Structure formats: structure tokens, C-alpha cells
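Ready for a little practice in reading a protein model? Keep the structure open beside you and try each exercise before you look at its solution.

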Amino acid sequence: MSGNVSIRDAIYEPPGPKTRKIITAVTAVSLVGIAVLVTLVIRQFAVNGQLDAKYWTLFTRYTTWRFLGRGLVGTLQVALGAGTVAFALGMGMMLGRISKYKVLRGIGRALIEFTRGVPTLLFIYFFFLIAPQFGLKLPSYWKITAPVAISASGVVAEVLRSGVNAVPKGQSEAALSLGMRDGSVFFKIVFPQALRYVIPALISELVIVLKDTTFAYVVNYADLMQNAKVLISNYDALLSVYLVVAVIYILINYALNKISVALSKRRKNAQQL
């Protein structure tokens, strides 16, 4: 096998002429089906009066967008805060998971499996309902940020560990042979390279963190979804408000995915040079 051909390229060969025709036909039929479905949905909304102007004119007002903008800022603050905390927690669990000490490896593995296995909503209920009974009273921001971060930390730990494992062992062995200590080898040689490998995956995980922030309604935190519910209750505009909010989330997640793909391509191009 040529050195320029990856395992993925060898397994997934480009489709032949017959396969391309089938793909084109299936794509065309799917697009027609989606168009028909969208038309039927819009028609049903029109029949039920959901397309009346009174449900959409609120978006011509500056105050509406300012209110949604405040909610968006709250959502981004939680997402960035949770992402930062998740990275720190994931880093600690990853270090335990790869430790040369069996006890630390066991603790690291247990924490990773626990945080990955428990639903985010249960963590939120813990900080919202149970923690205050033991005197731990947190602001609404941390009642949503902390559980979202804990829920994501296990995945972050495994992503970081995969990056560490991707660094050639020979580099660590060469550094150790030069008299460097284990800690210096890891933080100066191994981890910087591992981080470059997994940055796209970490950005993709940030998309999941952003989606988990929609649970903020449980703790009455003023995020995008919470502010959207206020607009719905004030204007009785369920469809229009949720549709606009959905578009906002889609645009943010699309931007994050594009950044992830761009960084991944940049890393691959750098490796080929």
C-alpha cells in the first residue's frame, strides 16, 4: 500500500459510475420528498393560523432582538464557562487515567465512566435540589454551568487521552534518554502535540455543551431558551419564536463545526508539508 493512501481511503473507495447514479437518484427522490413534506407542514401551519402576521411582527422590533440577544449572551457564557471547567476536569481525569500508579488509574477510570454514564439532567437536579440541602447554595449560573461541565468532562478526558496515545512513543523515550523528567516530557513534548491532534474534537464537544445549556430552564437561568419562553408567554407566538431560536442555534453550531473542520484540514496540511 502506498504511503500516501490512508486506511480510510483503502476501505472506502470512491464510488463507481453505477453507484454514483444510484446516489444521485436517491438524493433527488429524497429532496422531492423533503420539499413535499415541508410544503404540507407550511400549509398546515397556515390553516391553523400560525403564519398570521401577529405572530411574526414582534421580530420587527428592536426590543425583541435585544431580549433574545441577552439570552444568547447568557447561553454563550454558560457554554464557555462549562467548556473551560470541563477541560480542566477532563485534564485531571486523563492524567489519572494514564498514571503509572494503579490506584490513580482506577480512580481516573471510575470518574470518567461515571461522568459519561450519568445524564446531564441528573447532575443539574443534584445541584438544584440536593446540594442546597447540604448548605451548597450556588448562583443560577453555576447551577447550570457546573453540571454541564461535569457531564462533558469524561468525554473531554477520553478525547485528550486519545491525543496523548497518538503521539509517537519514540519521542518520549528520546526525551527520557536525554535526562528529562516524566513531568517535563509530558507537558513540554507530549501534551502540546496531543492538544493539536484533538482540538477539532474538543470544538465538536463544545457543540454538545452548547446544546446542554438548554437545560437552563430548570434553574431559571436567563439563557436563550428561557428568554424565548418569556416571549412566547407574552405574545403567544410558539411557532415563530421557537423557529427563530432554532435557526440561531443552528447557525452557532454550524459555525463551530466549520471551525472544527478548518482546523482539522489545517493540521492535515501541516503534516503533509
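**Exercise 1.** Find which helices each supply at least two residues of the lining of the largest pocket.

*Solution.* Start with the helices of this predicted model. Helix H6 (140-166), helix H7 (169-177) and helix H8 (182-212) each bring at least two residues to that lining. Next, look at H8, which gives the most, with six residues. Then turn to the centre of the pocket: of its 17 lining residues, Ile98, Val164, Ser172, Asp182 and Phe186 lie nearest to that point. Now sort the lining by character, and you get 10 nonpolar, four polar and three charged residues. Finally, the space in this pocket comes to about 570 Å³.

**Exercise 2.** Decide how the rings of Phe186 and Phe187 are arranged, and whether each residue is buried or partly exposed.

*Solution.* The structure holds seven aromatic pairs. Warm up with Phe114 and Phe123, whose ring centres are 5.8 Å apart with 80 degrees between the planes, an edge-to-face pair. Phe114 is partly exposed because its relative accessibility is 47%. Phe123 has 8%, so Phe123 counts as buried. Now take Phe186 and Phe187: 5.0 Å centre to centre and 90 degrees between the planes. Planes over 60 degrees apart count as edge-to-face, so this pair is edge-to-face too. Phe186 is buried, because 13% is under the 20% cut-off. Phe187, at 48%, is partly exposed.

**Exercise 3.** Which residues do ring pairs link into a cluster with Trp142?

*Solution.* Follow the ring pairs, and you find Tyr141 and Tyr221 clustered with Trp142. For one last ring, go to Tyr217: Lys229 lies over its face, 4.2 Å from the ring centre.

Conventions. Residues numbered from 1 in each chain as written. Predicted model: local features only at pLDDT ≥ 70, side-chain atom pairs only at ≥ 80, totals over all residues. Heavy atoms only, no water. 1 Å grid on protein atoms, 1.4 Å probe; cavity = no way out; pocket = protein on both sides within 12 Å on 5 of 7 lines; lining within 4 Å. Points joined across faces, edges and corners; volume = space filled by probe spheres on them. Helix = DSSP H or I, 4+ residues; strand = E, 2+ residues; numbered from the N terminus. Nonpolar A, V, L, I, M, F, W, Y, C, P; charged D, E, K, R; others polar. Phe/Tyr/Trp six-rings, centres within 6.5 Å; stacked < 30°, edge-to-face > 60°. Buried < 20%, exposed > 50% of the residue type's maximum accessible area, 1.4 Å probe, protein only. Lys NZ or Arg CZ within 6 Å of the ring centre and 35° of its normal.
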